[in-house]
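Here is a walk through how some chains meet and how a few side chains pair up. Keep the viewer open as you read.

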Amino acid sequence: MAATVIGQGITIEGEVTATDEVVVAGVIKGKLTAEGQVTIEPDGVVEADIAGRNVSIGGSVTGNVTAGERVDLLGGGRLVGDVKAARLTIADGASFKGNVDMDV
Amino acid sequence: MATQSTIAAGTVVRGRIQAEGDLEVLGQVEGTIAAKGSLEIGEGALLKSELSARRIVVRGTVAGNVHAEEVLVLEAGSRVVGDLSAPTVGIRPGALVRGHVSTGRSTRPAETRSRADASAKRPAERSATPARPAAQPQAAAKPAAERQPAPRPATIETRASIVAKQRSSAAETATAGRRPPPPVVPRASSQAQRRVPGARGDAPAAPAPVVPALGKRTSKATRRSGGR
Amino acid sequence: MGRGSAGTRPGGASPAVLGQGLRVVGRVRGEGDLRIEAEIEGDVTVGGALHLDEPARVTGSVVAETVVVAGQLEGDVTAKASVAITASGRVHGTVKAPEVSLEEGGGLDGRIDADVELPETIA
């Protein structure tokens with residue numbers, strides 16, 4: 001199965017549940033759950049709780065993030081919400097406001 | 001613009017999707033999809049959605065009304081339960097459809113109704129126009145949500161009522177003139193003119209069905225080239 | 001082309017033709033194939049293949065084994081096997097057949113009622 005790509009011009013209001021990976025460069029409002037990798041690109045705007053195996057945030061996320069393995073908040077990324085993951089990186093330049101729970 | 005957006009095969013979306021450009025759906029969607037570009041519904045896709053886009057190609061299964069601003073194509077293997085409307089609609093052999101289909105210029109499904117066909121099938125002044133529900137051009141003029149005008153005859157009625165309808169529909173076509181009819185067989189009008197104009201309106205009472213000698217051509221018909 | 005035969009026959013040598021310029025008011029019946037180029041006001045029922053050529057103008061219900069509409073039909077069309085509406089065809093009525101096809105450019109204003117089974121998840 002291939003990746004679900006929510007391109008820049010796409011807006012989804014609702015729940016997205018994927019068995020594979022998801023790449024978001026558009027807008028999701030609601031809920032995003034994936035069994036694979038979740039990548040929020042710089043143009044991506046997510047107002048939703050996110051769950052994925054690995055979550056990489058280069059865009060804007062408002063919501064709680066839960067990852068089976070790791071969460072990476074990249075340089076241009078912005079996260080307002082709690083993080084629950086075994087591993088977490090917050091790059092220089094990233095914005096983050098929330099709680100972190102690494103005890104998974 | 002981003003690369004091709006795709007809802008992958010294993011993905012389920014419950015909610016509304018809006019696309020500025022194109023979108024390909026291979027997974028499951030429950031909710032409206034509105035795209036300004038092209039919408040492609042893949043073979044395994046299952047949609048319980050109202051779809052609208054500029055161009056739509058369906059290869060999968062859709063439960064919901066489908067409206068395209070330009071072209072709508074249902075490929076072999078597709079299944080659609082819902083109303084279809086688009087200026088151009090293609091349904092390939094092997095596509096299964098259950099619903100109302102409306103071809104011709106339309107803006108929104110609710111208004112769509114045989115407008116194009118009303119004028120397509122009726123070269124305006126043609127007195128030989130077969131009986132057509134008089135309400136049709138008027139129904140099209142209303143921004144009504146109705147799809148079928150009530151009085152449309154499913155089957156032919158008696159000659160007397162046909163004649164009566166012809167008279168009244170002829171009166172209405174004069175007022176109809178809504179838009180340039182899509183390409184219509186022009187030959188038909190010239191056909192009509194050749195016939196004695198009077199014969200149309202005053203069909204005699206004799207109701208006995210006329211069974212033509214099948215296989216025989218009238219002399220007029222031989223004018224056309226025989227081979228086909 | 002069909003000419004001189006008094007009626008359509010199943011498996012007959014050539015299909016019967018209601019040629020252009022003809023106007024029929026009343027029912028049309030046949031057992032074999034029929035090609036219509038004429039104007040018909042009345043129901044048409046044939047046992048074989050029915051072909052409405054581009055000049056055809058039919059007002060009435062049409063029933064056949066297979067139907068190809070390249071002309072104009074105001075009425076329902078029912079076929080045992082298939083209905084095909086070509087790019088020049090115009091149909092205003094209900095279409096009932098196991099297989100229905102519509103060429104881009106063709107006109108249809110009416111229902112198509114195929115037997116469509118939807119999977120449980122979206123029914």
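How many residues does the contact take from chain B and from chain A? It takes 22 from chain B and 19 from chain A, where contact means heavy atoms within 4.5 Å. Before going on, note that this is a predicted model: local features need pLDDT of at least 70, side-chain atom pairs count only at pLDDT 80 or more, and totals for chains, interfaces and linings use all residues. Residues are numbered from 1 along each chain as its sequence is written, chains are lettered from A and ligands numbered from 1 in the order in which they are written, and side-chain values use heavy atoms, with hydrogens and water left out.

**Where B meets A**

About 1,500 Å² is buried between chain B and chain A, with carbon and sulfur atoms giving 51% of that. Buried area here is the accessible area (1.4 Å probe) that two parts lose on being put together, summed over both. There are also 10 residue pairs in polar contact between these chains, both residues at pLDDT 80 or more. A polar contact is a pair of N or O atoms within 3.5 Å; within protein, one must be able to donate a hydrogen and the other to accept it, and residues adjacent in sequence count only if both atoms are side-chain atoms.

On the chain B side, β1 (6–7) and β2 (12–19) are the elements that give two or more residues, and β2(B) gives the most, with eight residues. Strands are DSSP runs (E, at least two residues), numbered from the N terminus. β2(B) also pairs with strand β2 (residues 10–18) of chain A, in the antiparallel sense, over eight bridges; two strands pair if DSSP finds at least two bridges between them. Within this pairing, V16(A) stands opposite V13(B).

T6(B) sits in strand β1 of chain B and counts as buried at 10% relative accessibility. The cut-offs are under 20% relative accessible area for buried, over 50% for exposed, and partly exposed in between (1.4 Å probe, protein chains only). The T6(B) side chain makes a polar contact with the side chain of E24(B) at 3.2 Å. Leaving out residues up to four places away in sequence, T6(B) touches residues including A3(A), T4(A) and V5(A).

**Salt bridges**

Side chains of opposite charge can pair when their charged atoms come close. A salt bridge is a side-chain nitrogen of Lys or Arg within 4 Å of a carboxyl oxygen of Asp or Glu, and the count over all chains is 13. One is found between chain B and chain A. Here are some of the pairs:

| Pair | Closest N to O |
|---|---|
| E13(A) and R16(B) | 3.4 Å |
| R14(B) and E30(B) | 3.5 Å |
| R59(B) and E40(B) | 3.1 Å |
| E70(B) and R54(B) | 3.4 Å |

R14(B) lies in strand β2 and E30(B) in strand β4 (residues 28–30) of chain B, so the pair ties together parts that are 16 residues apart in sequence. R14(B) is partly exposed at 43%, and E30(B) is partly exposed at 39%.

**A look at chain C**

Chain C has zero helices and 15 strands, and buried residues make up 60% of its 123 residues. D33(C) lies in the loop between β3 (28–30) and β4 (34–36) of chain C. The side chain of D33(C) reaches the backbone nitrogen of A49(C) at 2.8 Å.

How values were computed
Helices (H or I, at least four residues) and strands (E, at least two) are DSSP runs, numbered from the N terminus.
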